[in-house]
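Dear colleague,

I am passing on the structure we spoke of, with notes on what came out of it. Please look it over before reading the notes.

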Amino acid sequence: MSRGDILWDTDLNGFSARKLASGKVTYGLKYVNSKTGKQRWLSLGLHGALTPELARRRAEIERGRIAGGADPQGEKEEQRTRRKGIITVNDLLDRHLTQYVEARGLRSQSDIKRIFDKYVRPEIGKDAVNALRRSHIVRLLDAVAAKHGPAMADHVLAHVRKALNWYATRDDEFVVPIVRGMAQTRPKDRARDRIHADPELRALWKATELDVAGVYGTLVRVLLLTGQRREEVAGMRRSEIEGNVWTIPGGRAKNGRPNVVPLTSEVIALLDELPQYGDFLFGRTGESPFGGFSRCKESLDRQMKLELPSSCQWKPWVVHDLRRSARSLMARAGVRPDIAERVLNHIIGGVQGVYDRHHYTEEKREALEALGRLVKRILGQADNVVRLDRSRPTVTEPTAPSIEAESPGAETGLSRRIV
């Protein structure tokens with residue numbers, strides 16, 4: 001073996017012996033970081049201190065860790081940085097999560113942690129905080145945008161900026177390396193105005209049949225008929241419902257203010273079909289809120305495309321568009337704007353918002369019943385009538401659909417179970 005030569009193991013991918021300029025032979029392992037896609041070199045030790053068999057065994061162990069997502073060389077570099085008394089980005093993120101995010105009980109803490117773990121740590125987590133430069137942040141954002149789009153890159157930027165600003169208040173020498181212009185989209189570009197047209201609502205209703213979409217289909221229907229936020233409905237508890245009124249606690253509401261949501265007979269009928277166990281209505285076991293949104297939404301989109309008439313072009317949508325659609329439908333049904341805003345639990349500004357402490361429960365009920373009647377009318381405007389209940393569509397002669405709502409005081413299965 002001459003100086004500079006590398007002998008590669010033919011059986012263990014990446015394992016090699018290399019002769020150094022000093023004449024010594026070192027064992028190493030070449031691998032690719034599964035999170036960043038970058039090639040790495042891990043030194044296993046010198047020949048003499050290690051036998052070929054022991055070096056190969058170490059390489060096999062590290063290969064197993066790498067397959068599980070580990071970055072052995074990155075771990076070594078991070079340990080060397082910490083031995084010098086230097087805080088890494090991973091250390092900063094850990095402290096920020098514990099001392100700020102969790103300490104304040106932020107409702108978005110699971111989302112923040114996921115973003116740090118999935119996007120930030122693999123790219124810049126092992127870098128020293130005080131060595132961070134603008135180029136590091138740009139590299140991070142470019143990597144996220146390339147794989148997940150510019151909107152996600154801006155979402156990551158917002159949480160990284162918050163963490164770095166928090167750390168800057170605790171370190172006299174640290175300067176946040178984020179400047180204006182790093183965002184990859186403009187606010188007006190991020191603003192959405194998507195609502196569902198009538199043919200889309202009919203396709204959505206067909207695609208959310210219980211035997212097709214399962215519990216997720218019921219969740220989507222309740223979102224449309226109540227106008228509430230995804231996480232609020234996904235975390236709905238039986239203990240939050242009294243009779244035909246659902247009270248969303250302030251701790252679960254985005255603006256921190258409780259919201260009283262009257263449940264119409266259509267919504268109660270949907271909830272009555274859910275499995276009757278546990279406190280969480282939409283949870284798989286009743287012990288936790290509903291999860292698995294992405295997979296279920298993809299399945300729902302596929303089914304909606306099949307149900308959509310050929311004359312209507314498919315347009316991508318997000319779950320929050322249902323809330324905007326509900327608000328627009330209430331306006332279409334003649335609901336007063338201030339009442340519709342209260343249904344959505346939007347804060348009313350000005351003097352009215354400060355001094356008006358009326359709960360508007362009955363007004364909200366009338367608004368949601370008007371919403372339900374309009375949805376029923378829209379669903380009945382197809383050749384194949386799509387009924388508001390779970391029954392399969394049936395072909396009928398075109399007739400004017402009945403839109404009379406059940407009496408608000410009517411006893412329901414849900415109210416009997418909850419009270």
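**A buried loop residue, then strands, cores and cavities**

Asn-345 is buried, with a relative accessible area of 9%. Please keep in mind throughout that this is a predicted model. Asn-345 sits in the loop between helix H14 (337-343) and helix H15 (350-355). Its phi is positive, about 65°, although Asn-345 is not a glycine.

Next, the strands. S5 (residues 241-242) and S6 run antiparallel and are joined by two bridges. Glu-242 of S5 has Val-245 as its bridge partner in S6. The hairpin of S5 and S6 has two residues between the strands, and in this hairpin Gly-243 takes a positive phi near 65°.

On its other pairing, S6 (residues 245-248) runs antiparallel to S7, with four bridges joining the two. Trp-246 has Val-261 as its bridge partner in S7, and Ile-248 has Asn-259.

Which residues of S6 lie on its covered face, and which on the uncovered one? Trp-246 and Ile-248 form the covered face, while Val-245 and Thr-247 form the uncovered one. In a regular strand, side chains alternate between the two faces of the sheet. Strand S7 (residues 259-262) has Asn-259 and Val-261 pointing one way and Val-260 and Pro-262 the other. Unlike the two faces of S6, of which one is uncovered, both sides of S7 carry buried residues. The covered residues of S6, Trp-246 and Ile-248, are thus also the ones whose partners in S7 are given above: Val-261 for Trp-246 and Asn-259 for Ile-248.

Helix H11 (residues 265-272) has six buried residues out of eight, so it is largely enclosed by the rest of the structure. The buried ones are Ser-265, Glu-266, Val-267, Ile-268, Leu-270 and Leu-271. Leu-271 comes up again in the cores.

The largest nonpolar core has 51 residues, and Leu-271 and Phe-282 are those with the most contacts inside it. Helix H16 (residues 361-379) gives the largest share of this core, eight residues. Another core lies apart from it and has 31 residues, including Val-129, Tyr-167, Ile-178 and Met-182. In soluble globular proteins, nonpolar side chains tend to be buried together.

How many cavities of 30 Å³ or more does the structure hold? There are two. The largest has about 50 Å³ of space. Its lining is made up of Val-89, Leu-92, Leu-93, Val-120, Ile-124, Leu-132, Val-160, Ala-163 and Leu-164. Helix H3 (89-102), helix H4 (109-124) and helix H6 (150-168) are the elements that give two or more residues to this lining. By class, the lining has nine nonpolar residues, no polar and no charged.

The second largest cavity has about 30 Å³ of space. Leu-223, Gln-228, Arg-229, Arg-230, Val-319, His-320 and Arg-323 line this second cavity. Here the classes are mixed: two nonpolar, two polar and three charged residues. The linings can be set side by side: the largest cavity has no charged residue in its lining, whereas the second largest has three.

Regards

How values were computed
Residues are numbered from 1 along each chain as its sequence is written. This is a predicted model: local features need pLDDT of at least 70, side-chain atom pairs count only at pLDDT 80 or more; totals for chains, interfaces and linings use all residues. Side-chain values use heavy atoms; hydrogens and water are left out. A nonpolar core is a set of buried Ala, Val, Leu, Ile, Met, Phe, Trp, Tyr and Cys residues joined through side-chain atoms within 4.5 Å. Buried means under 20% relative accessible area, exposed over 50%, partly exposed in between (1.4 Å probe, protein chains only). Two strands pair if DSSP finds at least two bridges between them. On a 1 Å grid over the protein atoms alone, a cavity is a set of points where a 1.4 Å probe fits but cannot get out, and a pocket is an open set with protein on both sides within 12 Å along at least five of seven lines; lining residues have an atom within 4 Å of a point. Grid points are joined across faces, edges and corners, and a volume is the space filled by probe spheres set on the points. Ala, Val, Leu, Ile, Met, Phe, Trp, Tyr, Cys and Pro count as nonpolar, Asp, Glu, Lys and Arg as charged, and the others, Gly among them, as polar.
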